[in-house]
Amino acid sequence: MKTCELKDGKELVIRKAVREDASNIIDFTKTVFGETTYLTRTPEEFLITVEEEEKFIEETNKKNNCIFLVAEVDNEIVGTLTFSASSSHRTRHIGEFGMSVKKAYWGLGIGSNLLAYLIDWARETGVIRKINLKMREDNVRARALYEKFGFKTEGIITRYFYIEGKFYNVIEMGLEVN
């Protein structure tokens, strides 16, 4: 667990998700899916049950190359980050993360703190050697954040998103951590 002060003076708590968070994580996820088109789903497409979310959290916590983080302000989940890596011996050192923050909390440093936690954790695992991500090409705020932490562009996937009659490309980025 890590605590720090946000730009607005509030205390941020970052910790590993636990089974009891499942319902709140589902509510959070449905909210953020409705706040931005930068994410892969709409709220209506997010059909995970509490039991499925509990199982996902428990399975993630059993692995030494995966992590599920929640960020809280005043006991409210305001951000999440999941990092998943393969169980395959040849690729268990590399994984991909997804991160989201409630729109009301954008610009306060939550994404930076989640990302710093992930990178520190990855270096401490002795397993993770590379962190990957995909992001929509026009998400300039996210790109600036990732570049600030040393992520490099490794490729572009064209026509990845199709939203309201328009295609969007996705940038693949990576960071070597060990």
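**Strand β3 and the nonpolar cores**

Author: L12 stands opposite V73 in β3. The model discussed here is predicted.

Reader: What makes β2 and β3 a pair of strands?

Author: Pairing requires at least two bridges between two strands. Strand β2 (residues 11–16) is joined to β3 by 5 bridges, and the two run antiparallel. The requirement is met, so β2 and β3 pair.

Reader: How do you know that β3 and β4 pair, and in which sense?

Author: Strand β4 (residues 76–85) and β3 share 7 bridges, in the antiparallel sense. Since at least two are needed, β3 and β4 count as paired. F68 stands opposite T82 in β4. The hairpin of these strands has 2 residues between them, and D74 takes a positive phi near 50° there.

Reader: Why is β3 called mostly covered?

Author: A residue is buried under 20% relative accessible area. In β3 (residues 67–73), 7 of its 7 residues are buried, which means that each falls under that cut-off.

Reader: Which residues of β3 point each way?

Author: I67, L69, A71 and V73 point one way, while F68, V70 and E72 point the other way. Such alternation between the two faces of the sheet is what a regular strand shows.

Reader: What makes F151 stand out in the largest nonpolar core?

Author: This core has 38 residues, and F151 is among those touching the most other members, with F83, F97, I131 and Y146. The elements giving two or more residues to this core include β3 and β4. The largest share, 8 residues, comes from α3. Contact requires heavy atoms within 4.5 Å. Residues up to four places away in sequence aside, F151 touches residues including F97, L115, I119 and M173.

Methods. Residues are numbered from 1 along each chain as its sequence is written. This is a predicted model: local features need pLDDT of at least 70, side-chain atom pairs count only at pLDDT 80 or more; totals for chains, interfaces and linings use all residues. Side-chain values use heavy atoms; hydrogens and water are left out. Buried means under 20% relative accessible area, exposed over 50%, partly exposed in between (1.4 Å probe, protein chains only). Helices (H or I, at least four residues) and strands (E, at least two) are DSSP runs, numbered from the N terminus. A nonpolar core is a set of buried Ala, Val, Leu, Ile, Met, Phe, Trp, Tyr and Cys residues joined through side-chain atoms within 4.5 Å.
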